[in-house]
Amino acid sequence: MDVSCFSQNVLLVTLLLAIAVSLVESQGTRVGFYSTSCPRVESIVRSTVQSHFGSDPTIAPGLLRMHFHDCFVHGCDASILIDGPGTEKTAPPNLLLRGYEVIDDAKTQLEAACPGVVSCADILALAARDSVVLSSGASWAVPTGRRDGTVSQASDAANLPGFRDSVDVQKQKFAAKGLNTQDLVTLVGGHTIGTTACQFFRYRLYNFTTTGNETEPTLLSPPHSFPSFKRCVRRTVMGQGGLDWTQAALTDLITLSLPT
Ligand code: HEM
């Protein structure tokens, strides 16, 4: 049986949003919430994540990022998993999220073990923790007992921090969630794992200053030698990135020994 988290379309009624948000915010969570109703929940989620990680380790950063994108929009209510037109999933900041199949797989197994008990929101929270552990990060106890939301609107994802946001804007967006600057810095440490697509830093490669074709200094540190970074430079030079050919890029082609 294939059970998916929120596989059917959901009617998006703005009025319900306020109710859903208050439900999510008032729910109580605690470590061991399922100790009687589904004692194997943690081991089932862990083994599922482990098995997917075994064939594709990049699933770990994908799940961690998905958890953040879920929690930042009306709390950790799994609304990111809801399918359908105009849902959070379809919003631009969420288009490259990965790992939905891992959550669906865990949900299928949990439905077989303890039907109708474990929320998808808890599965995602546990899977994010397990992903960090599998990536050699620290572990932590995950309080469970989240309820799944039923409302998901793409427009609400607009409050997610954007890659072009200034630090001040990022601080404001976190403050709106009750998170301070230290929380921001700590959480952005989530980028210790994972990758970014060329499109998110290409604009910082050349023409960084207004006075010349300079590369942003932080991009000259170790990643500069990574093959994927080189490919990004190359695609930019070849005009596939929508940027103009520049002298600086040509120099990089030579100094990085990139194929033309
Ligand atoms: C604070 C502002 C943040 C901004 C502007 C931001 C932006 C981004 C961007 C542009 C990417 C690249 C996406 C891609 O190429 O597919 C990314 C990836 C990622 N982000 Fe963030 N992020 C932020 C916060 C966070 C937080 C708080 C976490 C987790 C605690 C997180 C976890 C990740 C992970 C793990 C990846 C790699 C995903 C992968 O490899 O699939 N991010 N982020």
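**Exercise 1. Decide whether D70 is buried or exposed in this predicted model, and say why.**

Solution. Start from the rule: a residue is buried if 20 or more other C-beta atoms lie within 10 Å of its own, exposed if 12 or fewer, and partly exposed in between, with C-beta atoms placed from the backbone. D70 has 27 C-beta neighbours inside 10 Å, and therefore counts as buried. The next step is to place the residue: D70 is found in helix α3, where helices (H or I, at least four residues) and strands (E, at least two) are DSSP runs, numbered from the N terminus. The last step is to list its contacts, two residues being in contact if their C-beta atoms, placed from the backbone, lie within 7 Å. Not counting residues up to four places away in sequence, D70 touches C76, A78, S79, I80 and L124.

Two conventions apply throughout. Residues are numbered from 1 along each chain as its sequence is written. The model is predicted, so that local features need pLDDT of at least 70 and side-chain atom pairs count only at pLDDT 80 or more, while totals for chains, interfaces and linings use all residues.

**Exercise 2. Which residues does UniProt list with D70 for "binding site", and where in the fold does D77 lie?**

Solution. The UniProt record, an unreviewed entry, lists D70, V73, G75, D77, S79 and E88 for this feature. Although these positions are spread over 19 residues of sequence, they cluster in space, the largest C-alpha distance being 12.7 Å. UniProt positions are given in the numbering used here, feature names are shortened, and annotations may be inferred rather than shown by experiment. As for D77, its place is in the loop between α3 and α4, and D77 counts as buried because it has 28 C-beta neighbours inside 10 Å.

**Exercise 3. Compare the end-to-end span of α3 with the expected one, and state what covers the buried residues of α3.**

Solution. The expected span of a helix is 1.5 Å times one less than its number of residues. For the 13 residues of α3 this should give 18 Å, and the end C-alpha atoms are 18 Å apart, which agrees. Turning to burial, eleven of the 13 residues of α3 are buried, so that the helix is mostly covered; among them are I59, L63, M66 and C71. The cover of these buried residues includes α2 (41–55), α4 (100–113) and α5.

Helix α5 (residues 120–134) can be treated in the same manner. With 15 residues, α5 reaches 20 Å from its first C-alpha to its last, close to the 21 Å expected. It is mostly covered, since 13 of its 15 residues are buried, and α5 is followed by S136, whose phi is positive, near 70°.

**Exercise 4. Describe the shell around the ligand: which residues come nearest, and which helices supply it?**

Solution. A residue is near a molecule or strand if its C-beta atom, placed from the backbone, lies within 6 Å of it. There are 23 residues around the ligand, and P161, L187, G190, G194 and A197 come nearest. Helices α3 (59–71) and α7 (181–188) each supply at least two residues of the shell, and the largest share, five residues, comes from α3. By class, the shell has eleven nonpolar, nine polar and three charged residues, where Ala, Val, Leu, Ile, Met, Phe, Trp, Tyr, Cys and Pro count as nonpolar, Asp, Glu, Lys and Arg as charged, and the others, Gly among them, as polar.

**Exercise 5. Are P161 and H191 exposed or partly exposed, and in which loops are they found?**

Solution. Both residues carry the UniProt annotation "binding site" (unreviewed entry), P161 and H191. P161 is found in the loop between α5 and α6 (167–175); because it has 18 C-beta neighbours inside 10 Å, P161 counts as partly exposed. Leaving aside its neighbours within four places in sequence, P161 is in contact with Q170 and K173. H191 is found in the loop between α7 and α8 (227–237), and H191 is exposed because 12 other C-beta atoms lie within 10 Å.
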